[in-house]
Amino acid sequence: MKFSDSILVTRSSMPSLDEYVTEIRQMWDTRWLTNCGPEHNLLESRLARYCDVPYASLMINGHAALEAAIEALGLHGEVITTPFTFASTTHALVRRGITPVMCDIRPDDYTLDPERIESLITPRTTGIVPVHVYGHMCDVAAIRDIADRHGLKVLYDGAHAFGETLDGAGAMSFGDATICSFHATKVFNTIEGGAVFYRDSSLGPVLARIRNFGITGPETVESVGGNFKMNEFCAAMGLCNLRHLDEQISLRGQAEARYRERLTGIPGLVLSPIRTDVASNHAYMPLVVDETEFGADRDEVCHALARRNIYARKYFYPLVSDFACYRGRFDLEATPVARKVAARILCLPLYAGLSAEQVDGICDTILGCGTGV
Ligand code: T4K
């Protein structure tokens, strides 16, 4: 059966139009639209509280948050990171003049493999930028230990981890700083948006200068900053969406549970591990397809879904280190686990409101590709 309406990999969460209009109505009186206005400042403090982190600095998107945090933490030289991520993580480092050093990932949860980090450290290494990919929390204790022993900074790319906790601690509270994305495709969105979360209060003024041209007063410009500010319409969207976030996460969880009922235990189909120490945000539904056991490969499954109007996505294929813009720069053989996962990964549709019937249709299509199912 073909779905009459396309099922895309995700669907933006939105408040009711009335709720949003109520939130933005006062802007027609104040005419205050951007430059850290009241909606911005309220959202900033609410997000810090929601994430249980002392400080948050809002940015206009997750990528801006990455570039700002890299600058604020003073990363330079070489930084150890993962090739199994969205373009943004690596691009941010390269755009800040840093040499990314690609470290392999763990085969079970696809996060940076702490056992492979130390051999990559050189006198030029200043930091580690791991990614909580799909909301899978990195081994934060092992990474902290390595960083402390070598005097390195840790900046987490937590773009996928908003709203999660690890052993009760907010997912944004690890490392010297953690960035998040509030893009339209994320569990929590401000249309476009992002933030840097941190514990060290001295980073606050530095990030404030970076996001607003280095301006510190009407006649004072202290550093060469950029313009990374979130506007009031985006902040208002965030304030509305935050009110519904827990419900949205719970609805995502129901869809994920249905997938797990249907796909667990099928030879050749590998689902993400469930961790009892992590409260998941159910951001993504990654599936690894092992052709030899399943009888069909990832691309065949992807095409079969597309024929039924279901658009899964190959996040994150190709590896960043395989992008045309980085050709010849990285040794692809150095990260064999990441290569293997990237060749087999498929992210299935997952969002609040995806019905059990829709999940069943997706699973029927996937299972119909395999042999012996
Ligand atoms: N670090 C990591 C690890 C990241 O994954 C990202 C972003 C960043 C950093 C940088 O954060 P931002 O600067 O973006 O805040 C999407 C997103 O654009 C991107 O934010 C995200 N990661 C990445 C994983 O996915 P695309 O190219 O797949 O987006 P697109 O336009 O194909 O949309 C995917 C689906 O989402 C659509 O099929 C339907 C749905 N959608 C999309 C949009 C734009 C909506 O429902 N509403 C919308 O407005 O990159």
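In the predicted model, helix 8 and helix 12 (residues 356–369) pack at an angle of about 30 degrees, and their axes lie 9 Å apart. The crossing of helix 8 and helix 12 is right-handed. On the side of helix 8 the contact is made by Ala255, Arg258, Tyr259, Arg262 and Leu263, while helix 12 contributes Ala356, Val359, Asp360, Ile362, Cys363, Asp364, Ile366 and Leu367.

Helix 8 also takes part in the nonpolar interior. The largest nonpolar core has 61 residues, and those with the most contacts inside it are Leu47, Phe84, Tyr110, Tyr134, Phe162, Phe182 and Phe197. Two or more residues of this core come from each of helix 3 (38–51), strand 2, helix 6, strand 6, strand 10, helix 8 (232–263), helix 11 (336–344) and strand 17 (345–348). The largest share, six residues, is given by helix 8. Apart from this core lies another, of 30 residues, which includes Phe294, Ala304, Ala312 and Leu354.

The strands considered next belong to a sheet. Seven strands form an open sheet in the order 2-10-9-6-5-3-4, with mixed pairing. Its edges are strand 2 (55–59) and strand 4 (99–102), each of which pairs on one side only. From one strand to the next, the twist averages 25 degrees.

Within this sheet, strand 6 (residues 153–157) is largely enclosed by the rest of the structure, because four of its five residues are buried, that is, have under 20% relative accessible area. Strand 6 pairs with strand 5 (residues 125–129) in the parallel sense over two bridges, and Gly127 stands opposite Lys153 of strand 6. The connection from strand 5 to strand 6 passes through helix 6 (residues 140–150), and the resulting β-α-β crossover is right-handed. Strand 6 is also joined by three bridges to strand 9 (residues 177–181), and strands 6 and 9 run parallel; here Tyr156 stands opposite Thr178 of strand 9. In general, the strands of a sheet pair through backbone hydrogen bonds, either parallel or antiparallel.

Two helices lie across strands of this sheet. Helix 4 (residues 62–72) lies across strand 2, strand 6, strand 9 and strand 10 (194–198), and runs at about 165 degrees to strand 9. Helix 5 (residues 87–95), in turn, lies across strand 3 (78–81), strand 4, strand 5 and strand 6, and runs at about 140 degrees to strand 4. Strand 6 is thus among the strands crossed by helix 4 and among those crossed by helix 5.

Two loop residues were examined individually. Arg106 is placed in the loop between strand 4 and strand 5 and counts as buried, because its relative accessible area is 17%, where the cut-off for burial is under 20%. When residues up to four places away in sequence are not counted, Arg106 touches Thr111, Leu112, Asp113, Pro114, Met137, Cys138, Asp139 and Val337. Gly168, by contrast, lies in the loop between strand 7 (165–166) and strand 8 (169–170) and counts as exposed, because its relative accessibility is 60%, with exposure assigned over 50%. Gly168 and Lys2 are separated by 166 residues in sequence and, C-alpha to C-alpha, by 42 Å in space.

How values were computed: Residues numbered from 1 in each chain as written. Predicted model: local features only at pLDDT ≥ 70, side-chain atom pairs only at ≥ 80, totals over all residues. Heavy atoms only, no water. Buried < 20%, exposed > 50% of the residue type's maximum accessible area, 1.4 Å probe, protein only. Pairing = 2+ DSSP bridges. Right-handed = clockwise from strand over helix to strand, strands pointing away. Axes fitted to C-alpha atoms, helices over the stretch in contact; angles between N-to-C directions. Contact = heavy atoms within 4.5 Å. Core = buried A, V, L, I, M, F, W, Y, C linked by side-chain atoms within 4.5 Å. Left-handed = near helix turned anticlockwise from the far one by under 90°.
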